[in-house]
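User: I'd like to learn how to read a structure like this one. Could you walk me through it?

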Amino acid sequence: MKRRSALAVFGAGIAFTLAACGGGGAGTDTASGDGSSSAKPSDVTVGVSMPTQTSERWIADGNNVEAGLKKAGYKVDKQFANDDIPTQAQQIDQMITKGDKVLIIAAIDGTALTSQLTAAKAAGIKVISYDRLIRGSADVDFYVSFDNYKVGVQQGTSLLTGLGLLNADGTPGTATGPFNVELFAGSLDDNNAQFFWDGAIDTLQPFIDKGQIVVKSKQSKIDQAAILRWQQEVAQQRMENLLTSAYNDGSKVDGVLSPYDGISRGIITALQNAGYGTGDKKMPTITGQDAEIASVKLINDGVQYSTIFKDTRKLADEAVTAAGDILAGKEPTANDTKTYDNGVKVVPAFLLESQVVTKDNVKTALVDTKYYTQAEVDAGKAS
């Protein structure tokens with residue numbers, strides 16, 4: 001994962017800043033009133049809680065954040081919760097008990113950590129919500145993520161482009177449809193799933209209204225389309241059920257809105273088992289997200305149409321920068337203070353840009369930027 005190491009290089013500068021501040025680290029008897037710290041970074045531990053190691057994306061995120069924090073001089077307490085909510089809660093409890101000074105949390109369930117955040121607040125520990133917004137708590141101090149509504153727009157737009165309803169420049173394409181399209185959504189306990197869905201559906205709705213896109217299964221609500229924990233095997237089963245129930249009349253699936261590459265691979269497996277991709281059964285236009293290496297190979301091979309590349313190296317940098325600001329007694333810089341209402345407060349956020357990747361720009365987007373090597377793309381496996 002060396003190529004994905006976070007780019008934060010402000011360790012020496014932040015060490016000087018922290019040494020110059022009065023008081024001690026948050027949650028210690030040397031804390032100052034503004035939360036700044038006189039401790040050296042090497043005396044400060046930052047807790048990093050990631051949801052799972054079953055997705056290469058979260059492994060990369062955890063490694064990137066850890067690398068950036070260590071480069072800045074901090075100790076890191078990194079934990080993966082294996083998609084188990086009680087495990088993540090327990091791990092965060094332990095981070096608080098051990099005196100970690102800032103918590104960077106990518107929640108499994110954005111509503112399940114209220115008591116942990118209350119305890120963190122009582123201990124003077126600040127909380128950075130990482131990519132998945134923690135909901136129902138006033139004790140979330142900052143949020144780092146991508147523009148998740150825009151990610152949904154990009155997914156919807158790439159589906160339309162793949163179907164030929166739009167050209168790459170956004171102008172109307174030569175295709176008119178109607179196209180049979182099935183809709184998939186993420187896990188409803190992840191706040192981002194709703195943003196992805198809203199952005200995509202807002203983009204697709206005019207074409208649905210004109211009859212150019214038809215959801216043949218009639219499963220067009222997010223609760224019908226949601227895939228718990230974003231699991232590949234659950235997505236495969238749902239796609240198999242859709243094929244059995246809605247396409248037993250000889251009709252074909254032309255496109256699938258998928259919000260995540262793992263879900264896309266489950267969909268693809270179900271379609272291939274049903275004969276798609278062979279003979280006259282063309283593989284549908286299938287979207288995705290996270291540019292996972294297995295799916296990048298599928299895109300390069302013409303099986304999956306697109307993914308959304310969210311450069312987690314940059315996201316990790318923002319989390320590390322925000323942690324450094326907090327420990328220096330400063331407010332992290334936000335570029336969105338209106339969008340992310342967690343049900344109790346609007347959480348200040350820093351949002352990054354994402355990029356649509358198709359076969360045409362795999363090299364420029366992912367290889368030339370050193371996110372992957374060409375050999376990894378060809379093999380569909382990270383080295």
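**A helix and its cover**

Analyst: Let's start with helix α10, residues 293-300, where I293, S295, V296, L298 and I299 are buried. Keep in mind that this is a predicted model.

User: What covers the buried residues of α10?

Analyst: The cover comes from several elements, including α2, α9 (261-273) and α12 (362-367), along with the strands β10 (307-309) and β12 (355-357). Helix α13 (374-379) is also part of it. Just past α10, look for G302, which takes a positive phi of about 80°.

User: Now salt bridges. How many does the structure hold?

Analyst: There are 18 salt bridges. A good place to begin is E66, whose side chain meets that of K70 at 3.3 Å, N to O.

User: Why are K70 and E66 about one helical turn apart?

Analyst: Because they sit 4 residues apart in helix α2, which spans residues 56-71. As for accessibility, E66 counts as buried at 18%, since the cut-off for buried is under 20%. K70, at 48%, counts as partly exposed.

User: Which other side chain meets E66 in a salt bridge?

Analyst: That would be K78, at 2.9 Å from N to O. Here the pair links distant parts of the chain: K78 belongs to strand β2 (residues 75-80) and E66 to helix α2, 12 residues apart. K78 is partly exposed, with a relative accessible area of 22%.

User: And what does D77 pair with?

Analyst: D77 forms a salt bridge with K98, and their closest N and O atoms are 2.9 Å apart. K98 lies in helix α3 (residues 85-98) while D77 is in strand β2, so this bridge ties together parts 21 residues apart in sequence.

User: Are K98 and D77 buried or exposed?

Analyst: K98 is exposed, with a relative accessible area of 55%, whereas D77 counts as buried at 9%. Salt bridges can also join up: R57, D61, D131, D290 and K310 are linked in a network.

User: Let's move on to strands. What is the general idea?

Analyst: Strands of a sheet pair through backbone hydrogen bonds, and the pairing is either parallel or antiparallel. For a case here, take strand β4 (residues 126-130), which is mostly covered, with 4 of its 5 residues buried.

User: Which strands pair with β4?

Analyst: Strand β3 (residues 102-105) pairs with β4 in the parallel sense over 4 bridges, and L103 has V127 of β4 as its bridge partner. Strand β5 (residues 142-146) also pairs with β4 in the parallel sense, over 3 bridges; there I128 stands opposite F142.

User: Where does helix α4 come in?

Analyst: Helix α4 (residues 114-122) joins β3 and β4 in a right-handed β-α-β unit.

User: How do I read a sheet order?

Analyst: Try the open sheet of 4 strands, ordered β7-β6-β8-β9, with parallel pairing. β7 (213-214) and β9 (285-286) stand at the edges with a single partner strand each, so one side of each has no neighbour in the sheet. Strand β8 (residues 255-257) pairs with β9 over 2 bridges, and G255 has T285 as its bridge partner in β9.

User: Which helix packs on the sheet?

Analyst: Helix α5 (residues 148-163) does, touching β6 (179-183), β7, β8 and β9. The direction of α5 makes about 175° with that of β8.

Terms used
Residues are numbered from 1 along each chain as its sequence is written. This is a predicted model: local features need pLDDT of at least 70, side-chain atom pairs count only at pLDDT 80 or more; totals for chains, interfaces and linings use all residues. Side-chain values use heavy atoms; hydrogens and water are left out. A salt bridge is a side-chain nitrogen of Lys or Arg within 4 Å of a carboxyl oxygen of Asp or Glu. Buried means under 20% relative accessible area, exposed over 50%, partly exposed in between (1.4 Å probe, protein chains only). Contact means heavy atoms within 4.5 Å. Two strands pair if DSSP finds at least two bridges between them. A crossover is right-handed if, with the strands pointing away from the viewer, the path from the first strand over the helix to the second runs clockwise. Axes are lines fitted to C-alpha atoms, for helices over the stretch in contact, and angles run from 0 to 180 degrees between N-to-C directions.
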